[in-house]
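These exercises practise reading salt bridges from a structure, and each one is followed by a solution in steps. Please look at the sequence and the structure before you begin.

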Amino acid sequence: MNDKPIIEEGQKFPLTIKRLGINGEGIGFFKRNVIFVPGALPGEEITAQVTNIKRNFAEARILKMRKPSPHRQTPPCPIYDACGGCQLQHMTYSQQLVEKRDLVVQALERYLKGTDVLVNDTIGMEDPWHYRNKSQFQTRLKGTKVIAGLFAEGSHQLLDIEQCLVQHPDTTVITNAVKRILEELKMPIYDGKTMKGILRTIVVRTGLKTGEIQLVLVTTRSKIPQKELLLEKLQKIDTNLVSIVQNINKEKTSLIFGEETITLYGKDTIHEELGELAFDLSARAFFQLNPIQTVKLYDEIKRAAQLTGTEKVVDAYCGVGTIGLWLADGAGELRGMDIIHDSVVDAKANAKRQGVKAKYVTGTAEKWLELWSKEDFVPDVLTVDPPRTGLADSLLKTILTVKPQRFVYTSCNPSTLAKDLQQLTKVYRIKYIQPVDMFPQTAQVEAVCLLERK
């Protein structure tokens with residue numbers, strides 16, 4: 001029987017916000033009930049009004065601010081509240097870094113009570129704005145005006161984004177110019193309800209180091225009306241626009257890309273550099289969205305790996321091979337695996353381009369670690385950067401059996417990291433966790449955790 005006092009929708013009460021939640025909302029406690037309050041900051045005293053009751057918690061809104069946080073600021077973005085793309089613009093940046101470290105600490109307290117873990121201060125950005133090198137804006141028609149942007153949080157209403165403070169300025173300039181050209185040529189714009197129209201999404205990616213820009217037009221079919229005239233106008237937008245590509249997505253889906261890609265003008269890829277490494281990026285290739293912080297993140301992974309030039313290194317969930325290649329100059333032997341075959345093909349090509357000898361294979365990390373251990377190949381250093389869901393149980397079991405000497409776990413979700421550490425501490429000692437802020441103004445935090453075999 002639930003002995004918690006019952007609270008009701010619409011109820012009002014004073015509330016002190018104790019901490020930040022993983023989605024950037026304030027968390028307070030009322031008569032032993034957990035209350036989530038979007039927009040509230042730790043330390044604030046408010047009058048809350050309950051808007052929604054769930055099984056283990058309730059949601060509320062700020063009815064009255066009784067004592068604001070000294071770290072509260074006016075969000076600089078005019079559509080901040082409607083958009084939902086950022087969650088922390090109303091908090092000073094220095095405090096965002098403090099709270100992101102706290103999100104890691106909270107997760108550890110939940111899953112590893114009583115374990116003393118060193119969590120370093122979050123590594124932030126000098127300039128925490130205009131860092132995203134890629135934008136993917138859906139298009140719609142509003143009267144005769146072509147709009148492009150993101151859907152307002154929890155709705156089907158598209159927000160026209162003319163200026164985005166976390167996007168690289170180049171991506172904004174190109175997107176806005178494309179909208180005007182589509183309007184001028186009266187291009188048939190996609191309608192999500194009727195599925196009519198041709199142009200769905202404008203995707204722009206810029207190379208921070210090289211300045212090269214790629215524009216991808218996602219369409220519902222291959223035939224584009226007035227194609228020659230459209231291309232002529234698009235090419236004039238910017239001399240750095242070296243690749244214009246069409247991707248065809250006929251499905252009624254929230255996924256941006258379809259399977260077929262056609263180069264309409266210039267190169268198939270844009271060139272980008274990350275530290276000493278060089279990459280050619282096609283329209284659908286994965287690449288980190290914040291290259292400045294990626295260098296800091298990868299340097300932290302390298303610091304944790306403590307390579308001397310002789311180690312056998314395995315990069316699990318290797319993607320296109322970036323982390324492994326970052327470590328290659330300090331490794332004796334490098335291997336990697338990924339379940340996506342195309343990524344493995346890219347990883348091999350990237351290794352070849354950098355002059356790195358590496359072995360990349362398609363398949364799960366658990367399958368290959370087990371096979372290789374039977375052939376007497378056990379990594380000295382294992383590095384993983386899994387999706388938000390964390391490590392598969394089968395991989396955790398394999399790691400605890402194969403027992404690499406050092407294990408560097410990079411995580412984009414403190415909760416799944418802490419949950420996985422529960423298992424890993426049977427064999428490993430946690431040396432430290434280093435949070436890195438990859439996405440300023442949002443509630444997301446990345447963390448590099450170094451584990452050493454007991």
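In this predicted model, a salt bridge requires a side-chain nitrogen of Lys or Arg within 4 Å of a carboxyl oxygen of Asp or Glu, and by this rule the count comes to 15 salt bridges.

**Exercise 1.** Decide whether D437 and K100 are buried or exposed, and explain why their pair ties together parts that lie apart in sequence.

*Solution.* Begin with the contact itself: the side chains of D437 and K100 form a salt bridge, with N and O 2.7 Å from each other. Next, place the two residues: D437 sits in the loop between β20 (428–436) and β21 (446–453), whereas K100 belongs to helix α2 (residues 93–111), so the pair joins parts that are 337 residues apart in sequence. Finally, consider accessibility, where buried stands for under 20% relative accessible area: both D437 and K100 are buried.

**Exercise 2.** Find out where R180 and E162 lie, and which network of salt bridges links them with other residues.

*Solution.* First, R180 forms a salt bridge with E162, and their closest N and O atoms are 3.4 Å apart. R180 lies in helix α3 (residues 169–184), while E162 is in the loop between β8 (158–160) and α3, so this pair ties together parts that are 18 residues apart in sequence. Then compare each value with the limits of 20% and 50%: R180, at 33% relative accessibility, counts as partly exposed, and E162, at 32%, counts as partly exposed. As a last step, look at the network of salt bridges, which links K145, D160, E162, K179 and R180.

Definitions and conventions. Residues are numbered from 1 along each chain as its sequence is written. This is a predicted model: local features need pLDDT of at least 70, side-chain atom pairs count only at pLDDT 80 or more; totals for chains, interfaces and linings use all residues. Side-chain values use heavy atoms; hydrogens and water are left out. Helices (H or I, at least four residues) and strands (E, at least two) are DSSP runs, numbered from the N terminus. Buried means under 20% relative accessible area, exposed over 50%, partly exposed in between (1.4 Å probe, protein chains only).
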